[in-house]
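Colleague: Please take a close look at one part of this model for me. I would like the contact between two of its chains, and then the enclosed space around it.

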Amino acid sequence: MLRVELSAFLDDYISVIDNNQLELWSSFFVDDCLYEIISKENEDASMPAPLMRCEGIAMIRDRVVSLRNANIYEFPIYRHFISGLALKRGDADSVDLTASYVVINTSPAGFSSVYQAGRYYDRLVQTEGGWRIKSKRAVYETLKVQTLLAFPI
Amino acid sequence: MLRVELSAFLDDYISVIDNNQLELWSSFFVDDCLYEIISKENEDASMPAPLMRCEGIAMIRDRVVSLRNANIYEFPIYRHFISGLALKRGDADSVDLTASYVVINTSPAGFSSVYQAGRYYDRLVQTEGGWRIKSKRAVYETLKVQTLLAFPI
Amino acid sequence: MLRVELSAFLDDYISVIDNNQLELWSSFFVDDCLYEIISKENEDASMPAPLMRCEGIAMIRDRVVSLRNANIYEFPIYRHFISGLALKRGDADSVDLTASYVVINTSPAGFSSVYQAGRYYDRLVQTEGGWRIKSKRAVYETLKVQTLLAFPI
């Protein structure tokens, strides 16, 4: 049942991004969280040069404000798809979750393509309000990524 | 558990389309149903010019007959993938379901690509035979779509 | 609940392939198993010329050894996505499972694309260690596939 529950949690997470509800994105994290998007190439070489890195919920919220204010062109539309969920129980209140993802991107011109494939490495913790993200790392294989204005994955 | 149940319902729905069992497609709908495929562009502009629109189960069945009779060339093969399921209970016997989809299309020549990405906006109702579709709207972002012979999504 | 259970089984299966744990691949099969990757074109024409065919778990293990030893170039990274799960109970200890799949491939150069779409036709059997694969056939529609060094699907 934990698998079904966390699968629904991941589904809610990607829905917020995919349906342009970015203001809800931070609600999935605890206050002292880590969020990172990093290429597998850098990860494997232990080169800590992430495409995006947010330490703490304030940076996560700032990121959304930046994206909204930097909206000088139309946003792409992302559609995330998830598979290969794997769980490892930590202590009673935490779980390590990994899952593969692919993001299908539709450009403002209406062209849809594979934008980014990779794997999530998440640590979730149980809070009074339910599961929250303590840390989330999106490690992507695809090298052709937009670096101008990094969007949440 | 409703989530698991409706996820299975969606899975059955796409299987029928993806496995060339179009004659079973209408069995997912109630008699007085609505089915529509419309671009997000038109949807956002409130321009009601859908790519396909069927009012009532008879039109849904007619559509399949047309597709079968118009089979002057080989059909493409669709593979639907679903994510980001979100549910909102209406009254006791109905539920609003939205979900992202991507259709991977393999052409008769054997070339596979991202064909269409979008989001379903469904209203399901509980019947004696189980869940059925009262209305289903597939709102797609991808602008490069075949309009010659619209296939169910 | 069987659906949830077998969906998790499939998820575990693809995780092993997608996360470069090929040595665990054989653990999903019973000893006297069949594994086959075949094009839909050949399948429909009853032409038994599979891209890969392993009879028995020893051939499955050999295949992994070959792939590791033949590793003269970097491996691609696969990400499998599954949908449209359909189950048919055989006797008490077996079940026929079919499901659509798409494999997103990222080349060593970092380019991600749709690599192969198709459908699994599996027979699973209940063993003391849980569900195992008696036979698995991956029937793919995509004709543009690497034949040099066939990787598990």
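Modeller: This is a predicted model. Start with the polar side of the contact. Between chain A and chain C, 11 residue pairs are in polar contact, with both residues at pLDDT 80 or more. On chain A, four elements each give at least two residues to the side that touches chain C: helix H1 (2-18), strand E3 (77-89), strand E4 (94-106) and strand E5 (112-127). E3(A) gives the most, with five residues. By class, that side of chain A holds 10 nonpolar, five polar and five charged residues.

Charge also crosses the interface. Three salt bridges are counted between chain A and chain C. One of them pairs the side chains of Glu141(A) and Arg79(C), at 2.6 Å from N to O.

Now the extent. Chain A puts 20 residues into the contact, and chain C puts in 21 residues. Together the two chains bury about 1500 Å². Carbon and sulfur atoms account for 60% of that area. On the chain A side, Arg3(A), Val114(A) and Glu141(A) supply 32% of the area buried against chain C, more than any other three residues. Glu141(A) thus appears twice, in that trio and in the salt bridge with Arg79(C).

Next, the enclosed space. The count is eight cavities of 30 Å³ or more. The largest has a volume of about 940 Å³. Its lining takes in 31 residues. Nearest its centre lie Ser7(A), Ser7(B) and Ser7(C), along with Ile82(A) and Ile82(C). Two or more lining residues come from each of H1 and E3 of chain A, helix H1 (2-18) and strand E3 (77-89) of chain B, and helix H1 (2-18) and strand E3 (77-89) of chain C. H1 and E3 of chain A therefore serve both places, by the DSSP runs used here: they supply the side that touches chain C and the lining of the largest cavity. That lining is mixed in class, with 18 nonpolar, seven polar and six charged residues.

The second largest cavity has a volume of about 50 Å³. Phe81, Val102 and Ile104 line it from chain A, from chain B and from chain C. E4 of chain A, strand E4 (94-106) of chain B and strand E4 (94-106) of chain C each supply at least two of these lining residues. By class, the lining has nine nonpolar residues, no polar and no charged.

Methods
Residues numbered from 1 in each chain as written. Chains lettered and ligands numbered in written order. Predicted model: local features only at pLDDT ≥ 70, side-chain atom pairs only at ≥ 80, totals over all residues. Heavy atoms only, no water. Contact = heavy atoms within 4.5 Å. Buried area = accessible area lost by both parts, 1.4 Å probe. Salt bridge = Lys/Arg side-chain N within 4 Å of Asp/Glu carboxyl O. Polar contact = N/O pair within 3.5 Å; in protein donor to acceptor, adjacent residues only side chain to side chain. Nonpolar A, V, L, I, M, F, W, Y, C, P; charged D, E, K, R; others polar. 1 Å grid on protein atoms, 1.4 Å probe; cavity = no way out; pocket = protein on both sides within 12 Å on 5 of 7 lines; lining within 4 Å. Points joined across faces, edges and corners; volume = space filled by probe spheres on them.
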